[in-house]
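Let's take a stroll through a protein model together. Keep the picture open while you read, and look up each spot as we come to it.

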Amino acid sequence: MMIKARKLFKDVSDLPTIPVIVSRVIRLLDNHQSNPDEIADLILSDQVLAARVIRVVNSPLYTAGSKITSVKRALLFLGFRSVREMILTSYFVDGFKRHEQPFDMNVFWMHSFSVGSMSRRIAEMVGYDDTEMAYLVGIIHDLGKVFLGHYFKEEYGEMLSTINYTRSTTYNAEMEHFGTTHCELGLCLAQRWNFPPVYCDVISHHHTSELAIEDPLLTAIVRLADFFCLTYTISDSVAQAAKPDRSEEYAWNLLKQRSRNPLPGSLGEFFFMLNDEYVGVFHEVNLLFNTMTTA
Ligand SMILES: [Fe+2]
Ligand SMILES: [Fe+2]
């Protein structure tokens, strides 16, 4: 399967890239020891990037007391991790938004942002340390679908229309039609963009959480957030789920074993709990959607 993914990936030549300067900023932000002045200077050398940071830090997504006008203050206010996450997400949105897709991009983004927010919420519920990472990797988990939609527009569009209103999942249909999945193609893309190994692993195994290597708990969190959003929130054939299967059962058992806080007895009850959480998440998702798609 992975051979097929690598082959499809190798055949495309015009992959969207993250500008070199942005990759350098991301690498600096990755290191907690980096100097904020050095990062601010680098961000300021790219006016588009600087404007984006200022715009997002002043958006309703973050509630700064007063207007923040300097990049360095934005860095100190948001923290390196959040700025890094915001930059990566906005370039990901940007890289693909001009390209036409055979599916509704608004549905895709709402799904992606919902999974990001829900992953963060589940991470908080189980006491997982890095809730911000859960959030970011949740947002980008399905990036392979954008790749398929862009480079195999007709074929992917046809495949999606055949599974509309059926019980087949997007994942299984991809396997049948392409001999590979958005998980493997997402992995190729994430590796090309030098995402950290743990992000690559979650992208690669978010439908097969039992195979996760780097951080199985994080993969389980994203698996359940994804499944919840596919089942209980807006979805169409680009994001279609069936009944809880091996991967969801595995993720749920791992969550129960590793949670630092008590969880309900069954996956059904857990999803019931998440339903209440989603009221708050939905508001967050709308803010994120408006900020990211216009920044
Ligand atoms: Fe997926
Ligand atoms: Fe998904």
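Start with a little hole inside the protein: Leu29, Asp30, His32, Phe80, Arg81 and Arg84 line the second largest cavity. Two helices each give two or more residues to that lining, namely H2 (20-30) and H6 (80-97). Helix H6 gives the largest share, 3 residues. Sorted by class, the lining has 3 charged residues, 2 nonpolar ones and 1 polar one. How much space lies in the second largest cavity? About 30 Å³. A search of the whole structure turns up 2 cavities of 30 Å³ or more. And how do you find a hole like that? You roll a probe the size of a water molecule over the atoms, which shows where empty space is left.

One thing to keep in mind here is that this is a predicted model.

**The pocket**

Now for a pocket. The second largest one holds about 240 Å³ of space. It has 13 lining residues, and the closest to its centre are Ser23, Ile26, Arg27, Trp193 and Asn194. Helices H2 and H6 turn up again, as each supplies at least two residues of this pocket's lining. Which helix gives the most to the lining of this pocket? That's H2, with 4 residues. By class, the pocket lining divides into 6 nonpolar, 4 charged and 3 polar residues.

**The whole protein**

Let's zoom out. The protein has 16 helices and 0 strands. Its radius of gyration is 19 Å, close to the 19 Å that the globule rule gives for 295 residues, so the protein is as compact as a globular protein of that length. If you drew a box around the C-alpha atoms along the principal axes, it would be roughly 50 × 50 × 30 Å.

What about the inside and the outside? Of the 295 residues, 58% are buried. The protein exposes about 13,100 Å², and carbon and sulfur atoms supply 52% of that area.

You can also ask how the chain meets itself. Take the contacts between residues at least 6 apart in sequence: 68% of them join residues at least 24 apart.

**A covered helix**

Find helix H9, residues 143-151, in your picture. How many of its 9 residues are buried? The count is 9 of 9, so "mostly covered" is a fair label, given that buried means under 20% relative accessible area. The buried residues of H9 include Leu143, Val146, Phe147 and Leu148, but also Lys145 and His150.

While we're on helices, here's a handy bit of background. An α-helix has 3.6 residues a turn, so residues three or four places apart point the same way.

**Four residues to look up**

Here are four residues, each with its helix and its relative accessibility.

| Residue | Helix | Relative accessibility |
|---|---|---|
| Serine 112 | H7 (residues 105-126) | 0%, buried |
| Phenylalanine 77 | H5 (residues 71-78) | 39%, partly exposed |
| Glutamate 132 | H8 (residues 131-140) | 21%, partly exposed |
| Alanine 51 | H4 (residues 47-57) | 47%, partly exposed |

Is serine 112 buried or exposed? It counts as buried because its relative accessibility is 0%, and the cut-off for buried is under 20%. Leaving aside neighbours within four places in sequence, serine 112 is in contact with Gly138, Ile139 and His141.

Glutamate 132, at 21%, counts as partly exposed. Which residues does glutamate 132 touch, not counting those up to four places away in sequence? They are Arg81, Ser82, Glu85 and Arg120. You've met Arg81 already, as one of the residues lining the second largest cavity. Methionine 1 is 131 residues from glutamate 132 in sequence, and their C-alpha atoms are 31 Å apart in space.

The other two residues give you some distances to check on screen. Phenylalanine 77 and tyrosine 62 are 15 residues apart in sequence, and 9.6 Å apart in space, C-alpha to C-alpha. Alanine 51 and arginine 246 are 195 residues apart in sequence, with 45 Å from C-alpha to C-alpha.

Terms used. Residues numbered from 1 in each chain as written. Chains lettered and ligands numbered in written order. Predicted model: local features only at pLDDT ≥ 70, side-chain atom pairs only at ≥ 80, totals over all residues. Heavy atoms only, no water. 1 Å grid on protein atoms, 1.4 Å probe; cavity = no way out; pocket = protein on both sides within 12 Å on 5 of 7 lines; lining within 4 Å. Points joined across faces, edges and corners; volume = space filled by probe spheres on them. Nonpolar A, V, L, I, M, F, W, Y, C, P; charged D, E, K, R; others polar. Rg over C-alpha atoms; globule rule 2.2 N^0.38 Å. Buried < 20%, exposed > 50% of the residue type's maximum accessible area, 1.4 Å probe, protein only. Contact = heavy atoms within 4.5 Å. Areas by Shrake-Rupley, 256 points an atom, 1.4 Å probe, with all protein chains shown as cover.
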